[in-house]
Amino acid sequence: MKKITFDEEELYAIAVFNMETREKAITGMEKVLDLMDDDPEMKALLVSVKEKLKRISDKDYKELDVEHYIEELEEEDDEEESEEDGTGSTDSSVIAVVETSDGEENAT
């Protein structure tokens, strides 16, 4: 069996979804694919990543080294927030919606 590999762009795409399980990452990608008709390159990337994720094991998913990419994305978010409010600090009035393990959405 041929080993499934992910390039840097694909690892970045996985990091964007930052899901604890392979199935949740696949589901997250499927949810946004229909919204990406205006960006065919990004849509093709996500389709490719999603199909590769389907072909690897949960163990292999957990071993993917995406932490560096997640940290980069968080740094980019922090920089954007600093630029938006002009103070260099994050806005404490921002509401984040997170999905719990039971599928419910909670605002924090």
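Is Asn18 buried, partly exposed or exposed in this predicted model?

**Exercise 1. Describe the setting and backbone of Asn18.**

Solution. Start with the surface: Asn18 has a relative accessible area of 45%, and since buried means under 20% and exposed over 50%, Asn18 is partly exposed. Next, place the residue in the fold, where Asn18 is found in the loop between α1 and α2. Finally, turn to the backbone, where phi of Asn18 is near 40 degrees, a positive value in a residue other than glycine. A positive phi also occurs in Gly86, which follows α5 and has a value near 75 degrees.

**Exercise 2. Determine which residues of α5 are buried, and how they are arranged around the helix axis.**

Solution. Begin with the length of the helix: at 1.5 Å a residue, the 19 residues of α5 should span 27 Å, and this agrees with the end C-alpha atoms, which are 27 Å apart. The buried residues of this helix are Tyr69, Ile70 and Leu73. Because they cover an arc of only 100 degrees around the axis, these residues are on the same side of α5. As background for this step, an α-helix has 3.6 residues a turn, so residues three or four places apart point the same way. The partner of the buried residues of α5 is helix α1, against which they pack.

Take Ile70 as a worked case: this residue of helix α5 counts as buried at 8% relative accessibility. Leaving out residues up to four places away in sequence, Ile70 touches Ala15 and Asn18. In terms of distance, Ile70 and Ala13 are 57 residues apart in sequence, while their C-alpha atoms are 9.8 Å apart in space.

**Exercise 3. Identify the residues of the largest nonpolar core that touch the most other members, and the elements that contribute to this core.**

Solution. The largest nonpolar core has 22 residues, of which Phe6, Ile14, Met29, Leu46, Val49, Leu53 and Val66 touch the most other members. Two or more residues are given to this core by each of α1, α2, α3 (40-55) and α5 (67-85). The largest share, five residues, comes from α1. To follow one of these core residues outward, consider Val66, which is in contact with Leu11, Ile14 and Ala15 once its neighbours within four places in sequence are left aside. As a wider rule, nonpolar side chains tend to be buried together in soluble globular proteins.

**Exercise 4. Explain what the salt bridge of Glu10 and Lys52 ties together, and examine the surroundings of both side chains.**

Solution. The side chains of Glu10 and Lys52 meet in a salt bridge at 3.0 Å, N to O. Since Glu10 lies in helix α1 and Lys52 in helix α3, the pair ties together parts that are 42 residues apart in sequence. Now check the accessibility of each partner: Glu10 is buried, with a relative accessible area of 5%, and Lys52 also counts as buried, at 18% relative accessibility. With residues up to four places away in sequence not counted, Glu10 touches Thr5, Leu45, Ser48, Val49 and Lys52.

**Exercise 5. Set out two further salt bridges and a network, with the exposure of the paired residues.**

Solution. The count comes to 10 salt bridges. One of them joins the side chains of Asp37 and Lys43 at 2.7 Å, N to O, where Asp37 counts as exposed at 57% relative accessibility and Lys43 as partly exposed at 24%. Another joins Glu63 and Lys59 at 3.2 Å, N to O. Because Glu63 and Lys59 are four residues apart in helix α4 (residues 58-63), they are separated by about one helical turn. Both ends of this pair are exposed, Glu63 at 51% relative accessibility and Lys59 with a relative accessible area of 57%. Beyond such pairs, Glu30, Lys50, Glu51 and Lys54 are linked in a network of salt bridges.

**Exercise 6. Find the polar partners of the side chain of Arg22.**

Solution. Arg22 lies in helix α2 (residues 22-33) and counts as buried at 12% relative accessibility. The side chain of Arg22 makes a polar contact with the side chain of Asp58 at 2.8 Å, and the Arg22 side chain also reaches the backbone oxygen of Ile56 at 3.3 Å. When residues up to four places away in sequence are not counted, Arg22 touches Leu53, Lys54, Ile56, Ser57, Asp58 and Tyr61.

Technical notes
Residues numbered from 1 in each chain as written. Predicted model: local features only at pLDDT ≥ 70, side-chain atom pairs only at ≥ 80, totals over all residues. Heavy atoms only, no water. Buried < 20%, exposed > 50% of the residue type's maximum accessible area, 1.4 Å probe, protein only. Contact = heavy atoms within 4.5 Å. Polar contact = N/O pair within 3.5 Å; in protein donor to acceptor, adjacent residues only side chain to side chain. Core = buried A, V, L, I, M, F, W, Y, C linked by side-chain atoms within 4.5 Å. Expected span 1.5 Å × (residues − 1). Arc of directions from axis to C-beta. Salt bridge = Lys/Arg side-chain N within 4 Å of Asp/Glu carboxyl O.
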